[in-house]
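Please load the model in your viewer and keep the selection panel at hand. The stops below are given in the order in which to select them.

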Amino acid sequence: MSDLATVLLALSAAAGAWSAWPVPLPVALAAVTVALVARWPMLLVVAVALLTGTLAARSWAGLHSPPESTFQGTVTLVGDPAPVDNETRVEVRIDAKRVEAWAHGRNARLLADRLAGER
């Protein structure tokens with residue numbers, strides 16, 4: 001790989017991450033694999049842009065919090081509950097997502113003696 005191709009590879013990785021353009025992950029990985037096996041530097045430049053764009057888009061998607069609402073069900077405490085004024089704040093896991101939860105009144109008192117890891 002030439003110096004110019006290396007610079008283009010770095011720039012394409014940065015551009016892909018900046019654009020966060022979602023492409024199916026298997027497509028991006030296949031493009032990188034073909035470029036590496038065939039030793040085609042220009043295809044590798046494009047494939048790396050696709051891969052970093054896909055990974056950036058997936059990262060951004062994970063940052064969106066769920067809408068505020070009342071939840072009824074079982075959650076796992078990620079951290080110990082922390083009292084804040086007359087409320088209790090705690091991080092919980094709902095399925096694979098971590099969210100911040102606030103409890104008020106009776107529910108806050110019920111959470112006060114719980115520990116991380118409890119359901």
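A salt bridge is taken here as a side-chain nitrogen of Lys or Arg within 4 Å of a carboxyl oxygen of Asp or Glu. The model is predicted, so local features need pLDDT of at least 70 and side-chain atom pairs count only at pLDDT 80 or more, whereas totals for chains, interfaces and linings use all residues. Residues are numbered from 1 along each chain as its sequence is written, and side-chain values use heavy atoms, with hydrogens and water left out.

**Stop 1: the salt bridges**

By this rule the model has 4 salt bridges. Select glutamate 91 and arginine 89, whose side chains meet in a salt bridge with an N to O distance of 4.0 Å. Then add glutamate 100, which forms a salt bridge with arginine 89, the closest N and O atoms being 2.7 Å apart. Arginine 89 lies in strand S3 and glutamate 100 in strand S4 (residues 97-104), so this pair ties together parts that are 11 residues apart in sequence. (Strands, E, of at least two residues, and helices, H or I, of at least four, are DSSP runs numbered from the N terminus.)

Next add arginine 98, which forms a salt bridge with glutamate 91 at 3.2 Å between the closest N and O atoms. With these selected, Arg89, Glu91, Arg98 and Glu100 can be seen linked in a network of salt bridges. For accessibility, buried means under 20% relative accessible area, exposed over 50%, and partly exposed in between, with a 1.4 Å probe and protein chains only. Arginine 89, at 26%, counts as partly exposed, as do glutamate 91 at 30% and glutamate 100 at 47%.

**Stop 2: threonine 88**

Stay in strand S3 and select threonine 88, which at 7% relative accessibility counts as buried. Which residues does threonine 88 touch, not counting those up to four places away in sequence? With contact meaning heavy atoms within 4.5 Å, they are Pro81, Ala82, Pro83, Ala101, Trp102, Ala103, Ala108 and Leu111. For alanine 108, display the backbone oxygen as well, since it lies 3.4 Å from a polar atom of the threonine 88 side chain.

**Stop 3: helix H2**

Now select helix H2, residues 25-38, whose 14 residues reach 20 Å from the first C-alpha to the last, close to the 20 Å expected at 1.5 Å a residue; the expected span is 1.5 Å times one less than the number of residues. Within H2, colour Ala28, Ala31, Val32 and Ala35, which are buried. Seen down the axis of H2, its buried residues fall within an arc of 95°, so they line one face of the helix; the arc is that of the directions from the helix axis to the C-beta atoms. An α-helix has 3.6 residues a turn, so residues three or four places apart point the same way. What covers the buried residues of H2 includes helix H3 (41-63), while the face turned away from the buried side carries the exposed residues Pro26 and Val37.

**Stop 4: two positive phi angles**

Most residues other than glycine have a negative phi. In the loop between H2 and H3, select arginine 39, which has a positive phi of about 60° although it is not a glycine and which, at 74% relative accessibility, counts as exposed. Finally, go to the loop between strand S2 (82-84) and strand S3 (87-94) and select aspartate 85. Aspartate 85 has a positive phi of about 55°, again without being a glycine, and is exposed, with a relative accessible area of 76%.

Notes. A polar contact is a pair of N or O atoms within 3.5 Å; within protein, one must be able to donate a hydrogen and the other to accept it, and residues adjacent in sequence count only if both atoms are side-chain atoms.
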